[in-house]
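Reader: I'm new to this structure and would love a close look at a single part of it. Could you pick one helix and its surroundings, and then show me how that part fits into the rest of the chain?

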Amino acid sequence: MTKKLITFLLMNLGAFFVAINVHFFLSPNNLATGGVSGMSIVLNSLFPGISIGLFMIFVNIVLFILGVIFLGFQFGAKTIYTSFALSGYVWLLELVAPITAPLSDDILIQLIIGQCIAAIGMGIVFHQRASTGGTDIIAMILNKYIKVEIGRAVLFSDLAVALSSSLLFGAQAGMYAFFGVILNGLMIDYTLQQFNANKEVVIISQESALIRAFIVGELGRGATIHTAKGAFNYEQKEVITTILGRKDLSRLKNYVGKQDEKAFITVHNMNEILGQNFKRLA
C-alpha cells in the first residue's frame with residue numbers, strides 16, 4: 001500500500017508540473033507545443049469562452065473514445081488517471097491563479113523554463129510506468145493503420161499541432177512551438193536518464209576473484225563473468241559485468257584501485273534496465 005501511495009503521489013506531482021508549464025508559460029504566449037495541451041490552446045483561441053482545462057478534458061475524452069474504437073481498450077489505468085489529472089490541474093490553476101498576460105516579454109526564456117519544468121513532470125510520470133495520454137493514442141492509431149513508427153507518429157502529431165498554431169498565432173509563435181516540441185523531447189530524455197542512476201560496469205583485472213567477491217559480498221549486487229582473450233598475446237582473462245548505482249560505483253572504483261592499479265574499467269550509461277531486481281517487464 002505504501003508503494004502504491006507513493007506512486008499515486010508522484011503521478012500527481014508529475015501531472016502538476018506539466019500543468020504549471022501549460023498554465024503559466026505556454027497558454028499566455030499562445031505556444032501550442034503539441035499534445036492535448038497544444039490542441040486545447042488552439043481550440044481556446046477559436047472558442048475563448050471555454051477554458052483550456054475544460055478543453056483538455058473534452059479532448060482527452062474524445063481521444064480515449066477513438067482509441068477504444070480503433071485500438072480496443074489498451075490504455076493502462078495509470079495513463080487514464082494521469083491524463084485527466086493533468087487536465088484537472090490546468091483547470092484548477094485557471095480558477096485559483098488566473099493569468100491574463102505573459103510573465104515576461106522574453107518568450108524564449110519562458111519556453112525554455114516551462115519546458116524544463118514540464119520535462120521533470122513527464123519524467124516523473126514515465127518513471128511510474130504511465131503517460132499523459134493524448135497524442136500517444138493518435139500515434140498508436142497511425143502505427144496500427146499506416147504502419148508509422150510510434151516515435152515518429154508522436155512527433156508528426158505534435159508538429160501538426162505546432163503548425164496549426166502558426167496559422168492562428170503567426171509565424172513567430174509557430175516557430176517557437178516547433179522549437180518547443182524538439183526541446184520537450186530532448187529534455188524528457190535527459191530527465192529520464194537522471195532518474196536512472198544505474199551504470200553498467202565492465203572490469204578486466206588480474207584480481208577478478210577478489211573484485212567478484214567484493215561485488216557480491218560487500219555491495220550485495222550480482223555480476224556476470226565472461227572469459228575473453230587479449231588481442232596481443234591471446235592471454236585468457238575474466239571480464240566482470242555488473243549494474244551499480246552511483247554510490248556503489250564509487251565504492252567499487254576505490255576498491256579496485258587498491259587491489260589492482262592496472263585494472264581496466266569501463267562505465268556505460270543505461271537508458272533502461274528491465275527484469276530481475278530492476279523494472280518489471282510487464
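Author: Happily! One definition comes before anything else: a helix here is a DSSP run of H or I with at least four residues, and a strand is a run of E with at least two. Please also keep in mind that this is a predicted model.

With that definition in hand, take residues 7-26: this span is 100% helix and 0% strand, and its end C-alpha atoms are 27 Å apart. The span comes from a record: an unreviewed UniProt entry annotates residues 7-26, 46-73, 80-101 and 107-126 as "transmembrane region". Residues 107-126 are likewise 100% helix and 0% strand, with 28 Å between the end C-alpha atoms.

Let's make helix α5 our part for the close look. Helix α5 covers residues 107-127, and Gln110 has its place there. Is Gln110 buried or exposed? Buried means under 20% relative accessible area, and Gln110 has 2% relative accessibility, so it counts as buried. Which residues does Gln110 touch, once its neighbours within four places in sequence are left aside? Its contacts are Phe24, Phe25, Asn29, Pro102, Leu103, Ser104 and Asp105. Phe24 and Phe25, two of these partners, belong to the annotated span 7-26.

Close by in the sequence to Asn29 comes Asn30, a residue with a detail of its own. Asn30 sits in the loop that links α1 (2-26) to α2 (35-46). Its phi is near 55°, which is a positive value in a residue other than glycine. Unlike the buried Gln110, Asn30 is partly exposed, at 31% relative accessibility.

Now let's step back to see where this part belongs. The chain holds 10 helices and 4 strands. Reading along the sequence, you meet them in the order α-α-α-α-α-α-α-α-β-α-β-β-α-β. The radius of gyration is 24 Å, well over the 19 Å that the globule rule gives for 282 residues, so the chain is more spread out than a compact globule. Along its principal axes, the C-alpha trace spans about 75 × 45 × 40 Å.

A pair of residues gives a feel for these distances. Thr224 and Val96 are 128 residues apart along the chain, and 55 Å separates their C-alpha atoms. Thr224 is found in strand β2, which runs over residues 224-229. With a relative accessible area of 41%, Thr224 is partly exposed. Beyond its neighbours within four places in sequence, Thr224 is in contact with Val239, Ile240 and Thr241.

Between β2 and β3 (236-244) there is a loop, and Tyr234 has its place in it. Like Asn30 in its own loop, Tyr234 has a positive phi in a residue other than glycine, here near 60°. At 61% relative accessibility, Tyr234 counts as exposed.

Finally, here are some totals to round off the picture. Of the 282 residues, 41% count as buried. Among contacts with a separation of 6 or more, 71% come from residues 24 or more positions apart. The chain exposes about 15,700 Å², and carbon and sulfur atoms supply 63% of that area. As for charge, there are 20 positive and 16 negative charges, and their mean positions are 8 Å apart.

Methods
Residues numbered from 1 in each chain as written. Predicted model: local features only at pLDDT ≥ 70, side-chain atom pairs only at ≥ 80, totals over all residues. Heavy atoms only, no water. UniProt positions renumbered as here; feature names shortened; annotations may be inferred. Rg over C-alpha atoms; globule rule 2.2 N^0.38 Å. Buried < 20%, exposed > 50% of the residue type's maximum accessible area, 1.4 Å probe, protein only. Contact = heavy atoms within 4.5 Å. Areas by Shrake-Rupley, 256 points an atom, 1.4 Å probe, with all protein chains shown as cover. Lys, Arg positive; Asp, Glu negative; His and termini not counted. Charge placed at Lys NZ, Arg CZ, Asp CG, Glu CD.
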